[in-house]
Amino acid sequence: MSTSARVRADACPGVFATHDAADGPLARIRLPGGAITAAQFRALADAADDLGDGALHLTSRGNVQLRGVTRPGLAGRLAAAGLLPSPSHERVRNILASPLSDTAQKLASALDGALCAVPELAELPGRFLFAFDGGQGDVAGEGADACWRDGAVLLAGEDTGLRVPAEHAVETLLAVARAFLRTRGTAWRISELADTEPLLRGIPGETTEPRKFEANPGLPIGPIGDAIGVAPVFGRLTSAQAREIAKAGNAVVTPWRSILVHGTLAPDTGLITDPDAPSLGISACIGQPGCAKSLADVRADAARVGRTPRVHFAGCERRCGKPAREHVDVLATEDGYLVDGERVPVGELATVLVKELAVKGQQ
């Protein structure tokens with residue numbers, strides 16, 4: 001693990017501490033476990049129309065961002081919808097949960113309530129991330145600081161060998177978070193600590209040999225029993241699409257910028273419902289003109305590339321929103337792109353990406 005420590009202030013955006021983007025203030029609304037009711041989806045759609053740019057932007061942590069929030073009133077709307085249970089904790093409610101696991105979803109809700117009930121945990125860094133993986137291996141590979149994976153306790157993605165049952169999962173992750181606060185110094189993430197052993201000291205449970213778990217990220221797209229997995233292009237959900245989802249029922253926003261809809265969705269929503277759509281693998285940061293740091297309109301360039309999966313386009317070296325799973329890295333520069341470090345003119349992107357993916361598939 002890296003021993004580097006953060007020295008600048010934590011600038012993770014929230015509802016009260018927005019990010020000053022090129023297209024206006026950006027507010028991030030946390031959805032623990034990604035769970036959101038139909039009424040809450042409608043409330044966010046209304047807020048996007050009345051206060052922002054008319055869209056809900058899904059994040060790689062299963063949260064929602066509103067961009068261009070130039071008019072007041074967001075906090076009041078969120079509180080009324082039950083999306084702001086503890087203003088003091090709103091930036092630390094970072095909890096992933098397997099969308100298809102009832103156990104993981106219930107644990108995420110329980111952790112959220114317990115987290116908000118502990119005043120000192122409001123001091124956690126805004127990047128600290130909890131996760132509950134029901135055994136599918138989907139969210140366990142998403143870089144959580146403290147993760148419970150069907151009994152196994154993982155820190156910074158690594159199995160510790162500690163095993164605790166589901167009934168003790170919430171208290172275990174809270175104990176890790178408390179220990180992190182006591183020992184973190186200026187670190188924001190557990191991966192930045194030189195020694196993680198103190199984080200588990202005194203936590204009851206069985207100990208076994210740590211193992212390497214396989215990751216299986218992503219939500220199946222298409223019908224899933226009585227539900228359906230859908231994805232908006234580049235994670236941008238229009239307010240109209242959000243309202244169509246709300247008509248279908250409750251939902252779960254995933255860290256793969258997809259949505260599990262518990263109900264029947266109307267056709268022709270513009271959402272991706274085909275599991276074989278290669279564009280499912282293409283992601284991109286907001287790029288120009290939304291971000292002043294971006295060197296290109298990466299979403300427009302990514303759209304022109306077309307049918308190329310497992311690729312992330314980034315407008316600058318921060319690589320905002322990059323997926324945790326293996327992918328081809330496409331980085332904008334002053335005069336074109338770097339594809340996994342190799343310079344490529346914009347006009348040759350599609351050809352080069354197809355070759356790069358073929359090579360990765362053979363590795």
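In this predicted model, helix H1 covers residues 38–51, and its 14 residues should span 20 Å at 1.5 Å a residue; the end C-alpha atoms are 20 Å apart, so expectation and model agree. A good part of the interest in H1 lies in its buried positions, which are Ala38, Gln40, Phe41, Leu44, Ala45, Ala47, Ala48 and Leu51. The spacing of such positions can be read against a general rule: an α-helix has 3.6 residues a turn, so residues three or four places apart point the same way. Phe41, Leu44, Ala45 and Ala48 are among the buried residues of H1 to which a reader may wish to turn with that rule in mind.

Attention then passes to the open spaces of the model. Rolling a probe the size of a water molecule over the atoms shows where empty space is left. The largest pocket holds about 1,500 Å³ of space. Its lining comprises 49 residues, and those nearest the centre of this pocket are Arg28, Ser60, Arg127, Cys320 and Gly321. At least two lining residues come from each of strand E1 (19–21), strand E2 (24–29) and strand E4 (55–58). By class, the lining of the largest pocket is made up of 17 nonpolar, 16 polar and 16 charged residues.

For the second largest pocket, the computed volume is about 650 Å³. Here 36 residues form the lining, with Trp256, Leu280, Gly281, Ile282 and Arg325 closest to the centre. Strand E17 (282–284) and helix H6 (298–305) each contribute at least two residues to the lining of this second pocket. Its lining divides into 22 nonpolar, nine polar and five charged residues.

Two individual residues complete the picture. Asp112 sits in helix H3, which runs over residues 102–116. With a relative accessibility of 12%, under the 20% cut-off, Asp112 is counted as buried. The side chain of Asp112 makes a polar contact of 2.8 Å with that of Arg93. Arg93 also appears among the contacts of Asp112 beyond four places in sequence, together with Pro32 and Ile95.

Leu193, by contrast in setting, belongs to a loop, the one between helix H4 (169–183) and strand E11 (206–207). Its relative accessible area is 8%, so Leu193 too falls under the 20% limit and is buried. Along the chain, Leu193 and Phe180 are 13 residues apart, and a distance of 9.2 Å separates their C-alpha atoms.

Note on methods: Residues are numbered from 1 along each chain as its sequence is written. This is a predicted model: local features need pLDDT of at least 70, side-chain atom pairs count only at pLDDT 80 or more; totals for chains, interfaces and linings use all residues. Side-chain values use heavy atoms; hydrogens and water are left out. Helices (H or I, at least four residues) and strands (E, at least two) are DSSP runs, numbered from the N terminus. The expected span of a helix is 1.5 Å times one less than its number of residues. Buried means under 20% relative accessible area, exposed over 50%, partly exposed in between (1.4 Å probe, protein chains only). On a 1 Å grid over the protein atoms alone, a cavity is a set of points where a 1.4 Å probe fits but cannot get out, and a pocket is an open set with protein on both sides within 12 Å along at least five of seven lines; lining residues have an atom within 4 Å of a point. Grid points are joined across faces, edges and corners, and a volume is the space filled by probe spheres set on the points. Ala, Val, Leu, Ile, Met, Phe, Trp, Tyr, Cys and Pro count as nonpolar, Asp, Glu, Lys and Arg as charged, and the others, Gly among them, as polar. A polar contact is a pair of N or O atoms within 3.5 Å; within protein, one must be able to donate a hydrogen and the other to accept it, and residues adjacent in sequence count only if both atoms are side-chain atoms. Contact means heavy atoms within 4.5 Å.
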